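Visitor: I would like to learn how to read a structure like this one, feature by feature. Could you take me through it?

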Amino acid sequence: FLEEKRFNGCSAALLLLAPQVEQLCKAGYSFANEMFTWNPNADSMNSIRAFDNIKSKVECFNRLTQPGTSPKTIFKTSKAVYSALKEEKSLPVWDSYRKMDKFGRIRCDEIDLLYNGGYGNKEIGMIASILGKQYQGKPVFNLRSLLQYLDRIDMFEAIPRMEGLGILNDYLAMCSQLDVQPRVDGDSLKREHDIMARNCRNRRDELMAKKMENVGQMLKKYDYEEDIFFIRGIQSYDDLIDEANQQHNCVASYASRIVSNKSKIYVMRLKSDPNRSLITVELTPDGKEIRQKLLAYNRPIHNKAQTDFLNRWLAFCRNGGNQNSGNSKTVSTAA
């Protein structure tokens with residue numbers, strides 16, 4: 001056997017480490033020949049790629065097999081798997097079926113149904129993920145109902161198989177997050193997905209709003225005003241969203257950073273127009289430096305009066321701000 005396979009890359013070391021390779025080759029398992037594809041005499045770059053490739057194959061091979069004298073004693077999976085996939089060359093495909101079989105996500109009588117359906121490895125991975133989704137301890141789909149569902153959305157909603165798997169997987173994950181029973185008997189998967197996505201965003205907004213209830217008091221220490229301008233900390237999640245909308249910037253994404261005190265967000269405005277955004281400012285957690293100071297659309301500041309005000313404010317912050325976090329500091333200056 002060694003002499004017969006030496007041309008394809010077989011070595012005595014391989015057969016000593018994995019004697020089951022010989023048995024699998026002789027039994028007609030196509031993937032066994034994949035163990036003979038690395039050419040160490042190729043150029044260095046190809047050798048590196050080949051080594052990474054063979055390493056991945058070895059890991060799959062070891063998860064799938066063990067030394068033995070027959071498929072029954074060699075394979076670490078059910079007979080249904082190693083019988084259906086006899087002609088399959090891809091070890092990652094074998095690995096996907098092994099995982100589904102191991103975790104009970106596919107019955108023996110369903111393996112042929114899936115394999116003969118022409119599903120690729122990425123699709124198999126998505127199917128395995130969906131079959132693992134549950135509601136109140138019960139699987140949302142079995143394999144047959146899932147494949148029927150995919151056929152239905154392909155025919156009536158014009159959603160191709162791989163796209164449908166992705167949308168469905170996301171939808172079920174969001175349902176699980178909100179503990180909502182998935183609706184898989186409707187007439188529009190995309191609509192159900194978009195509704196659930198909106199509900200998830202609203203739920204995240206509710207949670208973040210709760211977390212930011214006391215943020216105004218936390219940031220009040222560095223509130224400051226003069227004759228023309230004032231600057232204050234963000235007061236709530238709604239206040240942060242309003243600033244982002246008015247300024248057309250991404251400051252709303254800083255909510256979690258504010259709550260965890262990784263950054264401090266302040267708004268600088270005219271005293272004559274306190275509700276209109278002017279400049280968004282990010283202060284470091286220690287109050288010693290300004291990380292960002294930007295006008296709407298993230299434009300830089302060129303106005304000297306605005307810059308001078310921010311410099312005086314920073315000096316105030318570095319000096320400890322309002323030490324007792326009481327009323328904001330007011331300073332009179334020449335216009």
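Guide: Gladly, and let us begin with the nonpolar cores; please keep in mind that the model is predicted. In soluble globular proteins, nonpolar side chains tend to be buried together. Here the largest nonpolar core has 55 residues, and the members that touch the most others are Phe31, Trp94, Tyr97, Met100, Leu114, Ile127 and Leu168.

Visitor: Which helix gives the most to this core?

Guide: That is α11, which supplies seven residues. Another core lies apart from it, with 33 residues, including Ile231, Tyr237, Tyr266 and Val281.

Visitor: Which residues does methionine 100 touch, leaving aside those up to four places away in sequence?

Guide: Methionine 100 touches Arg105, Ile106, Leu114, Ile124, Ile127, Ala128 and Leu131.

Visitor: How should I read a helix that has buried residues?

Guide: Start from the geometry: an α-helix has 3.6 residues a turn, so residues three or four places apart point the same way. Now take α9, which spans residues 121–131; its buried residues are Glu123, Ile124, Ile127, Ala128, Ile130 and Leu131. Viewed down the axis of α9, they fall within an arc of 165 degrees, so these buried residues line one face of the helix.

Visitor: What covers the buried residues of α9?

Guide: The cover includes the helices α7 (91–102), α8 (108–115), α10 (143–156) and α11 (161–178), along with the strand β2 (138–139).

Visitor: Glu123 is a charged residue on that list. How do I read charged pairs?

Guide: Side chains of opposite charge can pair when their charged atoms come close. A search of the whole structure turns up 21 salt bridges. In one of them, glutamate 123 pairs with arginine 161, and their closest N and O atoms are 3.1 Å apart. Since arginine 161 sits in helix α11 and glutamate 123 in helix α9, the pair ties together parts that are 38 residues apart in sequence.

Visitor: Are glutamate 123 and arginine 161 buried or partly exposed?

Guide: Glutamate 123 counts as buried, at 13% relative accessibility, while arginine 161 is partly exposed, with a relative accessible area of 28%.

Visitor: What other salt bridges are worth a look?

Guide: Try arginine 312 and glutamate 226, whose closest N and O atoms are 2.7 Å apart. This pair links distant parts of the chain, 86 residues apart: arginine 312 belongs to helix α16 (residues 304–318), and glutamate 226 to the loop between β3 (224–225) and β4 (229–233). Glutamate 226 is buried at 2% relative accessibility, whereas arginine 312 is partly exposed at 35%. Next, look at arginine 232 and aspartate 239, which form a salt bridge with their closest N and O atoms 2.8 Å apart; both of these residues are buried.

Visitor: Which residues are linked in a network of salt bridges?

Guide: Arg183, Asp185, Asp187, Arg191 and Glu192 are linked in such a network.

Visitor: How do I check the cysteines?

Guide: A disulfide is a covalent bond between the sulfur atoms of two cysteines. In this structure a search finds zero disulfides. Take cysteine 60: the closest cysteine sulfur, in cysteine 25, is 17 Å from its own sulfur, which is too far for a bond. Cysteine 60 is buried, with a relative accessible area of 6%, while cysteine 250 is partly exposed at 48% relative accessibility.

Visitor: And what about backbone angles?

Guide: Look for a positive phi at a residue that is not a glycine. Glutamine 136 has one, of about 55 degrees. This glutamine is in the loop between β1 (134–135) and β2, and counts as exposed at 65% relative accessibility. Asparagine 261 also has a positive phi, of about 60 degrees. The loop that holds asparagine 261 runs between α15 (255–259) and β5 (264–270), and the residue is partly exposed, with a relative accessible area of 36%.

Visitor: To finish, how do I read the overall shape?

Guide: The protein has 16 helices and eight strands. Its radius of gyration is 31 Å, well over the 20 Å that the globule rule gives for 335 residues, so the protein is more spread out than a compact globule. Along the principal axes, the C-alpha atoms fill a box of roughly 95 × 55 × 35 Å. Buried residues make up 41% of the 335 residues. Among contacts between residues at least 6 apart in sequence, 58% join residues at least 24 apart.

Methods:
Residues are numbered from 1 along each chain as its sequence is written. This is a predicted model: local features need pLDDT of at least 70, side-chain atom pairs count only at pLDDT 80 or more; totals for chains, interfaces and linings use all residues. Side-chain values use heavy atoms; hydrogens and water are left out. Buried means under 20% relative accessible area, exposed over 50%, partly exposed in between (1.4 Å probe, protein chains only). Helices (H or I, at least four residues) and strands (E, at least two) are DSSP runs, numbered from the N terminus. The arc is that of the directions from the helix axis to the C-beta atoms. Contact means heavy atoms within 4.5 Å. A disulfide is a pair of cysteine sulfur atoms within 2.5 Å. A salt bridge is a side-chain nitrogen of Lys or Arg within 4 Å of a carboxyl oxygen of Asp or Glu. A nonpolar core is a set of buried Ala, Val, Leu, Ile, Met, Phe, Trp, Tyr and Cys residues joined through side-chain atoms within 4.5 Å. The radius of gyration is taken over C-alpha atoms; the globule rule is 2.2 Å times the number of residues to the power 0.38.
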